[in-house]
Amino acid sequence: MTHGCHVGHWIQALLEGEVLDAGVRREIADFLTQTATACDEPLSELFRPRPQAYGGILESALASLEEQAHQLERMAQEADRDLTDLMRAVPAERRLKVHRALARFRSPLLVERLVEECRRQVTVDPFEAYELASLARDVALRVPHSVWGAAPAMTALALATAFQGNALRAAGDLRGAQPLLDFALSLFLDQGDLDPLVEAELHHLAALLCRDGRRIAAAEEHLYRAREIYLECGEDEALARLLISQATTECEDGRVEAALRTTEEALRHIDHLSDPRLSLMAEHNLTSYLQHLGRFAEAEARLGANAALYEQFPEAWTQRRRRWLEARIARGLGRVDQAERAFLTLREELLSQGLGYDAALAGLELALVHLQLGRGDKVRRLAEEMVPIFLAQDIGREAMAALLLFAEAAVRDSATTTMVLELIGFLERTPRSVQRRGCGRG
């Protein structure tokens, strides 16, 4: 191997955090000095009088890079310890720990770790996600500009604020989420030294909020801007998440075939071994789109093929989503008795856990089964039970009109499958829906 190859190897090793001893640094300096001497005459004249000085400058630069790498590693380890310490405490004590500390909990690296925890929680427990994002914001406000610089400190604040808004969105509070997302975007874009990946993430979160507010054109504009950044940066995992969000936006706009194609594209960007949760999210959504398109046999085969993937996530939320989709597919395939048992069980579970909205949604699914079996009296009783629950929610004018139309038709024994499917579609578009929040992030 030539000296040049050695130098490339050593510089790569340095960038990856390895320590270069003094002898290696000296050899790199000698190589560059020799290279300068072998160059064209004007350049060699610059180096020939002081090759030792040049070697000293290089040694100093390499030593400085090593020290910075070690310092960053120490800060990362400190952020990991701080995160562990905070997560061990109950939520009510976490913010007190931060506010009472004098020197700890002041790093943008800790903000990033708290945001990642928030990302994992947002679909499972948006209220816990909001607490984590609020904690991240408290830490961001304590980041010393003199140590980290103004841009990283303000970027951390924008990111934490955006995830506060995203948690409120996931909990159904779109009005509360909007000013937080607006503030985060304006705060971040006012900075001179922008991190493109943070900018993309903020646009992604803004797109989710626009989607939930049925502002489809605005959502797709944010998605486009984020997608361009991820493609330019070669961020496959982030791009996959974005494509999953794009697909749900297309589905809710009635473009289910487009949603199917977009999800297939997302799957090509996922490392299925390193991120099985993201893989499950895409696979589940793809199966759901097949079911929406009436391709029930394909959907059932896909669900079966992913059985082992579902088993990796035994939490009740994910397994309930799986059973809900199984029941829909069974109904589509004409196995109405199986579908009836499944939706009855889901409804009872949700009621026992105080999830009245989702229980009422399961009741609508059950109403579809009863309509297939010609049981008008049972449809009427379900309508009497579920209508007050939905009327107590902020479900939007379209959903409210469809609900009242269904209730009136149920009383007259004239409710139809199309009517109930449209109502379910409206209600699923609310962030509080069990069907809406998905199996994973986003």
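## Helix packing and cores: worked exercises

Helix α19 (residues 336-352) packs against helix α20 (residues 356-372) at an angle of about 160°, their axes 9 Å apart. Axes here are lines fitted to C-alpha atoms, for helices over the stretch in contact, and angles run from 0 to 180 degrees between N-to-C directions. Keep in mind that this is a predicted model: local features need pLDDT of at least 70, side-chain atom pairs count only at pLDDT 80 or more, and totals for chains, interfaces and linings use all residues. Residues are numbered from 1 along each chain as its sequence is written, and side-chain values use heavy atoms, with hydrogens and water left out.

**Exercise 1.** Work out how α19 and α20 run relative to each other.

*Step 1.* Grab the angle, about 160°.

*Step 2.* Check the classes: under 35 degrees is roughly parallel, over 145 roughly antiparallel, 65 to 115 roughly perpendicular, and the rest oblique.

*Step 3.* So α19 and α20 are roughly antiparallel to each other.

*Step 4.* Add the hand: this crossing is left-handed (the near helix is turned anticlockwise from the far one by less than a right angle; clockwise would be right-handed).

*Step 5.* Look at who meets whom: from α19, residues including Phe343, Leu344 and Arg347 meet a set in α20 that includes Ala362, Leu366 and Val369. Contact means heavy atoms within 4.5 Å.

**Exercise 2.** Find which elements build the largest nonpolar core.

*Step 1.* Pin down the term: a set of buried Ala, Val, Leu, Ile, Met, Phe, Trp, Tyr and Cys residues joined through side-chain atoms within 4.5 Å. Buried means under 20% relative accessible area, exposed over 50%, partly exposed in between (1.4 Å probe, protein chains only).

*Step 2.* The largest such core has 45 residues, and Leu114 and Phe163 are among those with the most contacts inside it.

*Step 3.* Two or more residues each come from α4, α6, α7, α9, α10 and α11; α9 gives the largest share, eleven residues. Helices (H or I, at least four residues) and strands (E, at least two) are DSSP runs, numbered from the N terminus.

*Step 4.* Apart from this core lies another, of 37 residues, among them Leu361 and Leu366.

**Exercise 3.** Decide whether Ala156 is buried or exposed, and list what it touches.

*Step 1.* Place Ala156: it sits in helix α9.

*Step 2.* With a relative accessible area of 7%, Ala156 is buried.

*Step 3.* Leaving out residues up to four places away in sequence, Ala156 touches Pro108, Val111 and Ala140.
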